[in-house]
Amino acid sequence: MSDFQAIADRVEIEALRGEFTDAAMMRDRARLASLFTPDGALRMPNVPVELVGREEIRVGGERLQSQWDFFVQNTHPGIIQLDGDTATGRTYIQELARTRDGRQGLNYAIYHDRYRRTTDGWKFTERVYEVRYLDTTPLAGSAPRS
C-alpha cells in the first residue's frame with residue numbers, strides 16, 4: 001500500500017466516524033445504518049443493545065432516539081490501524097443525554113471499531129460501545145424548546 005493510499009484510507013475512515021456522529025445528532029437513522037456493511041453490527045453492552053444488519057440498526061436506533069429528550073455526542077480522534085481492505089480503530093466520545101422518563105447523565109466512552117473497504121467506500125463492520133465513565137447527577141442545562 002502506498003503512503004498516499006494509507007493517508008486517503010485514514011481520511012475516509014475518519015470521515016466515516018464523523019458522519020456516524022452527525023447522523024446520530026441529526027436523528028438520521030437511515031443514513032446511520034447505511035454507514036455499516038449489510039451484515040454490520042452495533043453493540044452497546046451496557047444498554048444492553050445488539051443490532052445486526054442495517055435494518056436492525058435503523059429500527060433499533062429509532063426506538064432509542066424516541067426515548068430522548070435530548071442527546072449530544074462529541075467525538076475525539078482515536079487510532080486507525082490499516083490492514084489492506086480492513087482496519088480497526090477506536091474513537092473516544094463524550095455524551096450528554098436526558099430521556100423522556102427523566103434519566104440523564106454525562107458519560108465518556110470508546111467505540112471499538114472494525115472497518116471494511118467496499119465498492120461504496122469504507123464502512124463499519126462492527127462498532128462496540130464501551131462506557132468508561134458515567135455520571136448520572138442531574139444535568140443543570142436543558143434542551144432549548146421551539
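Helices (H or I, at least four residues) and strands (E, at least two) are DSSP runs that are numbered from the N terminus, and these labels are used in the exercises below, which concern a predicted model.

**Exercise 1.** Find which helices and strands supply at least two residues each to the lining of the largest pocket, and describe that lining.

*Solution.* Begin with the pocket itself, which has a volume of about 740 Å³. Of the 29 residues that line this pocket, the closest to its centre are Val47, Trp68, Phe71, Ala97 and Tyr129. Next, turn to the elements: α1, α2, β1, α3 (54-65), β3, β4, β5 and β6 each supply at least two residues of the lining. Finally, sort the lining by class, which gives 16 nonpolar, nine polar and four charged residues.

**Exercise 2.** Determine which members of the largest nonpolar core touch the most other members, and which element gives the core its largest share.

*Solution.* The core has 25 residues, and those that touch the most other members are Phe20, Leu32, Phe36, Leu42, Ile57, Tyr115 and Phe124. At least two residues each come from α1 (3-25), α2 (29-34), β1 (36-44), β2 (49-52), β3 (68-83), β4 (86-99), β5 (104-118) and β6 (121-135). The largest share, five residues, is supplied by α1. To look more closely at one member, take Phe20 and leave aside its neighbours within four places in sequence; its contacts are then Leu32, Leu35, Phe36, Leu42, Gln73, Tyr111, Phe124 and Arg127.

**Exercise 3.** Decide whether Asn107 is buried, partly exposed or exposed, and describe its surroundings.

*Solution.* First locate Asn107, which is placed in strand β5. Its relative accessible area is 10%, and because buried means under 20%, Asn107 counts as buried. Then consider what surrounds Asn107: not counting residues up to four places away in sequence, it touches Ile93, Gln94, Glu95, Tyr129, Val131, Tyr133 and Leu134. With one of these, Tyr129, the side chain of Asn107 makes a polar contact through the side chain of Tyr129, at 3.2 Å.

**Exercise 4.** Explain why the backbone at Arg27 and at the bond from Val47 to Pro48 deserves a second look.

*Solution.* Start from the general rule that most residues other than glycine have a negative phi, and most peptide bonds are trans. Arg27, although it is not a glycine, has a positive phi of about 60°. Arg27 lies in the loop between α1 and α2, and it is partly exposed, with a relative accessible area of 31%. The peptide bond from Val47 to Pro48, in turn, is cis, with omega near -15°, and Pro48 is placed in the loop between β1 and β2.

Key:
Residues are numbered from 1 along each chain as its sequence is written. This is a predicted model: local features need pLDDT of at least 70, side-chain atom pairs count only at pLDDT 80 or more; totals for chains, interfaces and linings use all residues. Side-chain values use heavy atoms; hydrogens and water are left out. A nonpolar core is a set of buried Ala, Val, Leu, Ile, Met, Phe, Trp, Tyr and Cys residues joined through side-chain atoms within 4.5 Å. Buried means under 20% relative accessible area, exposed over 50%, partly exposed in between (1.4 Å probe, protein chains only). Contact means heavy atoms within 4.5 Å. On a 1 Å grid over the protein atoms alone, a cavity is a set of points where a 1.4 Å probe fits but cannot get out, and a pocket is an open set with protein on both sides within 12 Å along at least five of seven lines; lining residues have an atom within 4 Å of a point. Grid points are joined across faces, edges and corners, and a volume is the space filled by probe spheres set on the points. Ala, Val, Leu, Ile, Met, Phe, Trp, Tyr, Cys and Pro count as nonpolar, Asp, Glu, Lys and Arg as charged, and the others, Gly among them, as polar. A polar contact is a pair of N or O atoms within 3.5 Å; within protein, one must be able to donate a hydrogen and the other to accept it, and residues adjacent in sequence count only if both atoms are side-chain atoms.
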